[in-house]
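Here is a short report on one protein model. It covers the domains, two helix pairs and a few loop residues.

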Amino acid sequence: MKIKKLETFSNKYLGFVKVTTDTNDIGWGQVSTYNVDITAQIFHRQVAPWSIGIELDDDKPDFFDHLQLILEREHKYPGSYLLRALSGLDTALWDLYGKLKEKPVASLIGGKPKKIRVYGSSMRRDIKPEDESKRLCRLRDDYGFSAFKFRVGSECGRDTDEWEGRSEKIVKLLSHDLGSDVEKLVDGNSCFSPRKAIELGKILEDHDVCHFEEPCPYWEHNQTKKVKEALSIDVAGGEQDCDISTWKSTLEKEIVNIVQPDVMYMGGLYRTLQVANMANKLGLPCTPHAANLSLVTVCTMHLLTAIPNAGKYLEFSIEDETYYPWQKNIFTRDPFKVKDGFVNVRDEPGWGVEINPAWLGKSEYRISE
Ligand SMILES: [Mg+2]
């Protein structure tokens, strides 16, 4: 079978890709979120032209080389946007094969539908420690979350806290209020110098926090490594990295204890599997980045059922439509119901979701054929 057409449905925040073959089989995928008006244009300019008319294996999802070929054809344009667009093709093709084989993507990559433990991931820094504590304790009690990540420092903050004293206060308060049965993770989002990160890291150690994410500017590998070596708790990172050679260097130089590729930043599932496999060879767990409740979290759920070095939990955004208005009513059925701290990977073909026709109807439409 051949790829006959590639359609995108997008707005500024979110965009889906529909692949149709000459056998009239279809699959749905998604490009990475944000600036999707730009990404959709790149998709039709730099991804679709290399893909229309290509022959796909009738039997198995053997298209990795095609993804690689696109990157080689577009080798003058390495970087995030091309890969954000490529994710749309990759994830649509996985869905296509899932539907053809009547299997969830999880089963196509060696996993199976099952429950996955989540950690509730707070995206907010504008929130006072007392208010953050209230909402996380409520989520723990109502939905059984057994792990949470909250924010310290400020984003790429050059050692400056969101406001004076916030980081230390939130660590101490949440450690106390969430209790010892709940695992506690923090994210520095590239805020700290090694000295400040280690200083805060000692407080994290004393307050039972197990995971310090992106403590230093993520591009400064040696800084992150210094923090990792000074602390007994896990240092995690890599969400921004989408280039395989960067990942190779991260792994060779032993920068982090936990790798966090993002399926949609990476260019899709195939390339994320590549990173997870490289980390597995070094015995490192993979706890992917998945920061909103779009298809990125669905794809990550399927991925985590399949890789031998899956981290302890799935990143699961706790922010609702008041924070992410664009996240509303994307799917016809909610794939993200949390019960007793777990979500469920459905035993349905492909990604197991249906994009809401009403959402599609309001989106900007483009086609390559
Ligand atoms: Mg992060």
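Two residues count as in contact if their C-beta atoms, placed from the backbone, lie within 7 Å. Helices (H or I, at least four residues) and strands (E, at least two) are DSSP runs, numbered from the N terminus. The model is predicted: local features need pLDDT of at least 70, side-chain atom pairs count only at pLDDT 80 or more, and totals for chains, interfaces and linings use all residues. Residues are numbered from 1 along each chain as its sequence is written.

**Domains**

The protein is split into domain 1 (3-102 + 357-368) and domain 2 (107-344). Such bounds come from an automatic or database domain assignment. The C-alpha centres of the two domains are 27 Å apart. Contact involves 23 residues of domain 1 and 18 residues of domain 2. On the domain 1 side, the elements giving two or more residues are α2, α3 (80-101) and α13 (357-361). α3 gives the most, with eleven residues. By type, the domain 1 side holds twelve nonpolar, eight polar and three charged residues. Here Ala, Val, Leu, Ile, Met, Phe, Trp, Tyr, Cys and Pro count as nonpolar, Asp, Glu, Lys and Arg as charged, and the others, Gly among them, as polar.

**Helix α8 and its neighbours**

A residue is buried if 20 or more other C-beta atoms lie within 10 Å of its own, exposed if 12 or fewer, and partly exposed in between; C-beta atoms are placed from the backbone. In α8 (residues 221-230), Q223, T224, K226, V227 and K228 are buried. What do the buried residues of α8 pack against? They pack against α7 (194-206) and β8 (234-237).

The axes of α7 and α8 come within 9 Å and cross at roughly 30 degrees. That makes α7 roughly parallel to α8. Axes are lines fitted to C-alpha atoms, for helices over the stretch in contact, and angles run from 0 to 180 degrees between N-to-C directions. Angles under 35 degrees count as roughly parallel, over 145 as roughly antiparallel, 65 to 115 as roughly perpendicular and the rest as oblique. The crossing of α7 past α8 is right-handed. A crossing has that hand if the near helix is turned clockwise from the far one by less than a right angle, and is left-handed if anticlockwise. P194, A197, I198 and G201 of α7 meet Q223, K226, V227 and A230 of α8. This contact has five nonpolar, two polar and one charged residue.

**Helices α5 and α6**

Helix α5 (residues 129-143) and helix α6 (residues 166-178) have axes that come within 9 Å and cross at roughly 30 degrees. α5 and α6 are therefore roughly parallel to each other. α5 passes α6 in a right-handed crossing. From α5, the contact takes P129, E132, S133, L136, C137 and R140; from α6, it takes R166, K169, I170, L173, L174, D177 and L178. Seven of these residues are nonpolar, one is polar and five are charged.

**Loop residues**

Most residues other than glycine have a negative phi. D208 has a positive phi of about 70 degrees. E254 also has a positive value, near 50 degrees. The table places both, along with D59.

| Residue | Loop between | Other C-beta atoms within 10 Å |
|---|---|---|
| D59 | α1 (36-51) and α2 (64-73) | 9, exposed |
| D208 | α7 and β7 (209-213) | 16, partly exposed |
| E254 | α9 (244-252) and β9 (258-259) | 13, partly exposed |

D59 and Y97 are 38 residues apart along the chain, and their C-alpha atoms are separated by 8.2 Å.
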